[in-house]
Amino acid sequence: MKEKLQAMLESAKAELTTAADSRFLQDVKVKYFGKKGELTAIMKEMGKLSKEERPKIGQLANEVRTEIEDLINSKLEEIKAQELEKKLASETIDVTLPAKNFRRGGLHPSTQTLNTLIDIFLGMGYTVAEGPEVETVKHNFDDLNSPIDHPSRSESDTFYFNSELLLRTHTSPVQIRTMLANKPPIKIISPGRAFRKDEIDATHSPMFHQIEGLVVGENVTMTDLKGTLNEFVKILFGEDIKTKFRPHYFPFTEPSAEMDVSCYKCHGKGCKFCGNSGWIEILGCGMVHPNVLTNCGIDPEKYTGFAFGMGLDRLTLLKYEIGDIRLLFENDIRFLAQF
Ligand code: PHE
């Protein structure tokens, strides 16, 4: 039995030198220590030994067992280290490789126009005010002095939720909200979405963007309005831009005007861009109607104000010479990547 044990140890040693992976080691373990393992078999035979021999062989068997186990364990460490090294070698990262290109996004042209306008007006001391897109009829029409039979009030022009709520048709209700909540002096711009029941075509969209301006204070005059807007278009389109104010009608301003700028492509000579007129219409404006001030609890004898409103999308189309408003809302990346 002693010889058997020694022979077992020798053959185990020999086997283990050839071990190449952890699976093989597992097999060796089973071969000797498993239920039907060689060492297990010897242990089972121990009962047959004499009293004197049993402890000696028992001790030897234990020694052989620990030696084989130690060998297996140290081999396992070795193999694990090798396997890790192999894995690392096959997964090396070449840090000198140039990085993959990543596409950098940009701001939507409408957002760029909006940012430009906000910058210009913040520079003139305005602050930005916002209001809800779901508005009351009161804020959108009544308080803005809109006559009860004004066409914009009709179901065919405006999206109504019910007789009191609608999708705002312009950003002008923000004027009302601002005046109700603040005492003059007031100096705000309010950019945002507006909604009208327009058929979609190259120049119309049922959802579009406006930016509104409102100034209320003592001694605010039409001259201030003109000076402000002249300055604004010069920053936006260039120093040589001229403006023209044509009388117009808005319920909430009196007097009211539409403002044209001289065509910045042909400098007023007339071209395809301006429809040969030399002028391009860009906004509506006027002196805040006394009724509107009164509706908002502001004394029209003491305070006056001016307001203006323009289509942001239209400005974007003009500025970037884009021929169709739908392009701004389709979000085709091939189009947007040009800006
Ligand atoms: N609210 C007007 C519109 O939507 C624009 C406007 C605003 C006109 C303020 C005058 C003063 O057409």
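In the predicted model, a negative patch on the surface is formed by D157, D198, E199 and D201. Of these residues, D198 is placed in the loop that runs between β4 (186-195) and β5 (207-217), and D198 counts as partly exposed because its relative accessibility is 31%. A nonpolar patch is also found on the surface, where V134, F161 and L165 together present about 250 Å² of accessible area. Within this nonpolar patch, F161 lies in the loop between α6 (137-140) and β3 (165-167).

Attention may next be turned to the interior. In soluble globular proteins, nonpolar side chains tend to be buried together. The largest nonpolar core of the model comprises 36 residues, and those with the most contacts inside it are L229, F232, F237, I282, L283, F308 and M310. At least two residues of this core are supplied by each of α5 (109-123), β5, α8 (222-237), β7 (253-262), β8 (279-288), β9 (304-311) and α10 (312-320). The element that gives the most to the core is α8, with 6 residues.

Charged pairs were examined as well. Side chains of opposite charge can pair when their charged atoms come close. A search of the whole structure finds 14 salt bridges, among them one in which the side chains of K75 and E78 meet at 3.3 Å, N to O. Both K75 and E78 belong to helix α4 (residues 53-90), where they are 3 residues apart, or about one turn of the helix. K75 is classed as buried because its relative accessible area is 15%, a value under the 20% cut-off, whereas E78, at 41% relative accessibility, counts as partly exposed.

A further salt bridge is formed between K265 and E321, with their closest N and O atoms 2.6 Å apart. This pair links distant parts of the chain, since K265 is in the loop between β7 and β8 while E321 is in the loop between α10 and α11 (326-330), the two being 56 residues apart. Both partners are partly exposed, K265 with a relative accessible area of 40% and E321 at 44% relative accessibility.

The side chains of R334 and D332 likewise meet in a salt bridge, at 2.7 Å from N to O. Here R334 counts as exposed because its relative accessibility of 65% is over the 50% cut-off, while D332, with a relative accessible area of 26%, is partly exposed. Finally, R246, E258, D260 and E281 are joined into one network by salt bridges that share partners.

Notes
Residues are numbered from 1 along each chain as its sequence is written. This is a predicted model: local features need pLDDT of at least 70, side-chain atom pairs count only at pLDDT 80 or more; totals for chains, interfaces and linings use all residues. Side-chain values use heavy atoms; hydrogens and water are left out. Patches are made of residues with over 30% relative accessible area and no salt bridge: like charges are joined within 9 Å, nonpolar side chains (Val, Leu, Ile, Met, Phe, Trp, Tyr) within 5 Å. Accessible areas come from the Shrake-Rupley method with a 1.4 Å probe; for residues, only the protein chains shown count as cover. A salt bridge is a side-chain nitrogen of Lys or Arg within 4 Å of a carboxyl oxygen of Asp or Glu. Lys and Arg count as positive and Asp and Glu as negative; His and the chain ends are not counted. The place of a charge is taken as NZ of Lys, CZ of Arg, CG of Asp or CD of Glu. Helices (H or I, at least four residues) and strands (E, at least two) are DSSP runs, numbered from the N terminus. Buried means under 20% relative accessible area, exposed over 50%, partly exposed in between (1.4 Å probe, protein chains only). A nonpolar core is a set of buried Ala, Val, Leu, Ile, Met, Phe, Trp, Tyr and Cys residues joined through side-chain atoms within 4.5 Å.
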